[in-house]
Amino acid sequence: MPPSQKTERRRIGLLGGSFNPPHQGHREISLAALERLGLDAVWWLVTPGNPLKDPKIYAAYEDRLRLARVVANHPDIVVSDFERRRGLTYTAETLDALQAINPNAAFVWLMGADGLENFHRWKDWRHIAETVPIAVFNRPGHETDALASEAAKELGVFRIDPEDAMSLCATEPPVWVFLPDTENPLSSTAIRSRKISHSLTIDQSDDLIAPCGALAFFLDLHPDLGDFRADVIEGLSLPQKTISPKYFYDEAGSKLFDQITELEEYYPTRTEKEVFLENAGEITAAIGPRAAIFEYGSGSSEKIEWLVKGLKEPAAYVAMDISRDHLLENASSIAEVLPIPVAAICADFHSPIELPKSVLPPADHWLGYFPGSTLGNMTLGAAKNFLERASATLGENAQFLIGIDLVKDKAVLEAAYNDARGVTAAFNMNLLKRMKSELGAKLNLDDFEHYAFYNDVEDRIEMHLRAQCATAIEIDGEAYGFVPGETLHTENSHKFTFEKLERLVNQTPWRLEKSWTDEKGWFGACLLSNS
Ligand code: AVJ
């Protein structure tokens with residue numbers, strides 16, 4: 001690793017314990033560590049203890065956590081329940097887990113002199129000493145016993161002078177320092193007034209949990225999941241009956257969509273993959289080094305792997321999706337395989353999103369990532385607003401990589417939404433099934449048929465549910481009548497030309513930097529820039 005990068009690593013002191021109760025000694029050690037070791041932050045790792053052994057202590061965990069935050073009372077001391085979240089009891093395991101999810105942090109283990117006396121009894125204590133530098137802070141009356149302890153003796157040759165404490169974090173372990181004068185940290189006032197956008201980890205708010213399992217953070221913006229009943233009633237009351245395509249994706253609908261992506265006729269998924277993989281070298285070169293990636297609507301987080309492999313020193317990957325549980329599951333599993341910090345935000349991209357950038361290692365710039373041609377589901381006005389919000393979220397000097405489905409032969413387009421096996425029809429009809437089962441709607445499924453066509457005035461595929469006879473959908477005692485041939489509009493899927501996309505983009509802070517397509521020109525990848 002080049003030296004410039006090493007100095008950028010966040011220096012994080014770790015103070016573990018039961019904090020039962022937390023007291024000023026914890027705080028003094030932390031303040032001394034911030035100053036003497038030049039740390040960016042200290043994390044207090046409150047250990048849950050063994051729940052089987054002492055359920056009473058376990059029950060008090062929330063109290064210990066809360067009290068620790070009160071006692072810490074410092075912007076650079078972060079109280080973390082990481083061990084409880086991960087179900088970890090041994091420091092050796094905790095360190096491995098923390099390093100795995102925060103590869104850019106320089107961790108140092110902090111302990112009081114009393115801790116050193118017993119250190120050789122800790123599970124895998126030698127592994128700990130080989131994993132992180134250690135700083136031992138004197139506690140009154142413990143100096144002699146601590147320095148005579150088994151661990152102190154065995155690690156004797158690795159002890160450095162207190163004068164060199166500033167270099168401890170950057171020294172390859174095993175290495176340790178004994179600081180004899182902890183009691184009076186010289187200028188804790190100075191430390192207190194220091195403003196650092198500190199750690200890779202905060203978990204002081206209910207909405208921002210960091211770290212969260214394998215994730216560097218999880219931010220819950222509590223997206224409005226929509227009220228299916230209210231939206232159906234409102235949509236059925238419009239002159240052109242309409243319902244948002246977001247209601248396609250319940251469990252059955254999501255499974256049907258996955259099947260659609262495998263269909264012979266449905267070229268977009270497969271062609272997009274081809275465009276991204278065939279041009280990966282050029283795309284990742286145009287993105288440049290040390291980008292942090294924010295994916296809109298990350299779904300199963302499959303498409304991030306198209307990029308990460310080729311990117312130079314990617315800084316982080318933040319997955320965003322509206323479905324909380326799937327997001328946590330998918331982001332957590334991608335976190336295990338990606339070599340960079342992974343985080344997740346539960347949000348709706350139709351609302352503003354603020355990225356907690358300071359919780360991640362610093363990036364050269366942010367890259368928005370929006371594959372899947374989902375931009376095409378929005379009206380042009382909505383797409384414009386979305387691009388504006390994205391520029392605000394990603395910040396100055398950002399890039400935005402978007403997948404768009406391109407205008408092509410009408411027969412190809414219409415076949416993709418009228419597959420021979422009727423999977424798209426089932427996907428569309430699933431909305432009516434949901435109305436029956438979830439809203440108790442009275443309707444006759446056989447009265448409706450799947451109807452999809454290319455509207456070449458608007459350049460879009462439209463999907464509708466069309467009444468084959470005079471019929472009605474009855475909800476809450478109210479009947480919404482259909483004359484024969486009348487439709488319920490369920491989705492728009494806009495198709496672009498690069499020129500049309502550029503016209504749209506030019507009405508926003510973005511400019512089209514570069515674009516790629518496949519041999520047939522069926523699908524496009526566009527790289528935008530707002531600098
Ligand atoms: C996931 C919105 C890109 O518009 O092609 C597939 C959804 N609808 N078949 C698309 C969809 C019908 C798909 N998007």
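1. The four-stranded sheet. In this predicted model, four strands form an open sheet in the order S10-S20-S17-S16, and their pairing is mixed. Strand S10 (241-242) and strand S16 (448-455) stand at the edges. Each has a single partner strand, so one side of each lacks a neighbour in the sheet.

2. Inside that sheet. Look at strand S17 (residues 460-467) and strand S20 (residues 487-494). They pair in the antiparallel sense, over seven bridges. To find one bridge partner, start from Arg 466: its partner in S20 is Thr 487. Helix H20 packs on the sheet and touches S16, S17 and S20. The direction of H20 makes about 50 degrees with that of S17. When you inspect such strands, keep one general point in mind. Side chains in a regular strand alternate between the two faces of the sheet.

3. The hairpin. S18 and S19 run antiparallel and are joined by five bridges. Ala 472 has Gly 481 as its bridge partner in S19. The two strands form a hairpin, with two residues between them. Asp 476 sits in the turn and has a positive phi of about 50 degrees.

4. One face of helix H12. Which residues of helix H12 (residues 228-236) are buried? They are Phe 228, Val 232, Gly 235 and Leu 236. Seen down the axis of H12, these buried residues fall within an arc of 95 degrees, so they line one face of the helix. The general background is simple. An α-helix has 3.6 residues a turn, so residues three or four places apart point the same way. What covers the buried residues of H12? The cover includes S10, H20, strand S18 (471-475), strand S19 (478-482) and S20. The sheet and the hairpin strands thus appear again in this cover.

5. Charges over rings. Two cases are worth finding on screen. Arg 434 lies over the face of Phe 228, at 4.5 Å from the ring centre. Phe 228 is one of the buried residues of H12. In the other case, Lys 241 lies over the face of Phe 482, at 4.8 Å from the ring centre.

6. Aromatic pairs, a first example. How many aromatic pairs does the model hold? The count comes to 27. Take Phe 257 and Phe 427. Their ring centres are 6.1 Å apart and their planes stand at 40 degrees, so the pair is tilted. A tilted pair has planes that are neither under 30 nor over 60 degrees apart. This pair links distant parts of the chain: Phe 257 belongs to helix H13 (residues 251-261), and Phe 427 belongs to helix H20 (residues 423-439). The two are 170 residues apart. Are they buried or exposed? Phe 427 is buried, at 3% relative accessibility, whereas Phe 257 is partly exposed, at 26%. The cut-off for buried is under 20%.

7. A second pair and a cluster. Phe 276 and Trp 306 also form a tilted pair, 5.3 Å centre to centre, with 35 degrees between the planes. Phe 276 is in helix H14 (residues 268-278) and Trp 306 is in helix H16 (residues 305-308), 30 residues apart. Phe 276 is buried at 1% relative accessibility. Trp 306 is buried too, at 12%. Elsewhere, ring pairs link Phe 294, Tyr 296, Phe 349, Phe 370, Phe 386, Phe 400 and Trp 510 into a cluster.

8. Two other residues of H16. Leu 307 lies in helix H16. It is buried, with a relative accessible area of 2%. Its C-alpha atom is 8.0 Å from that of Phe 276, although they are 31 residues apart along the chain. Leaving out residues up to four places away in sequence, Leu 307 touches Ile 283, Thr 284, Ile 287, Leu 367, Tyr 369 and Leu 401. Glu 305 is in H16 as well. Glu 305 is partly exposed, at 35% relative accessibility. With the sequence neighbours up to four places away left out, Glu 305 touches Ile 334 and Leu 338. Glu 305 and Ala 316 are 11 residues apart in sequence and 13 Å apart in space, C-alpha to C-alpha.

9. The whole chain. The secondary structure comes to 21 helices and 22 strands. Of the 531 residues, 52% are buried. The C-alpha trace spans about 95 × 50 × 40 Å along its principal axes. Among contacts between residues at least 6 apart in sequence, 73% join residues at least 24 apart.

Note on methods. Residues numbered from 1 in each chain as written. Predicted model: local features only at pLDDT ≥ 70, side-chain atom pairs only at ≥ 80, totals over all residues. Heavy atoms only, no water. Phe/Tyr/Trp six-rings, centres within 6.5 Å; stacked < 30°, edge-to-face > 60°. Buried < 20%, exposed > 50% of the residue type's maximum accessible area, 1.4 Å probe, protein only. Lys NZ or Arg CZ within 6 Å of the ring centre and 35° of its normal. Pairing = 2+ DSSP bridges. Contact = heavy atoms within 4.5 Å. Axes fitted to C-alpha atoms, helices over the stretch in contact; angles between N-to-C directions. Arc of directions from axis to C-beta.
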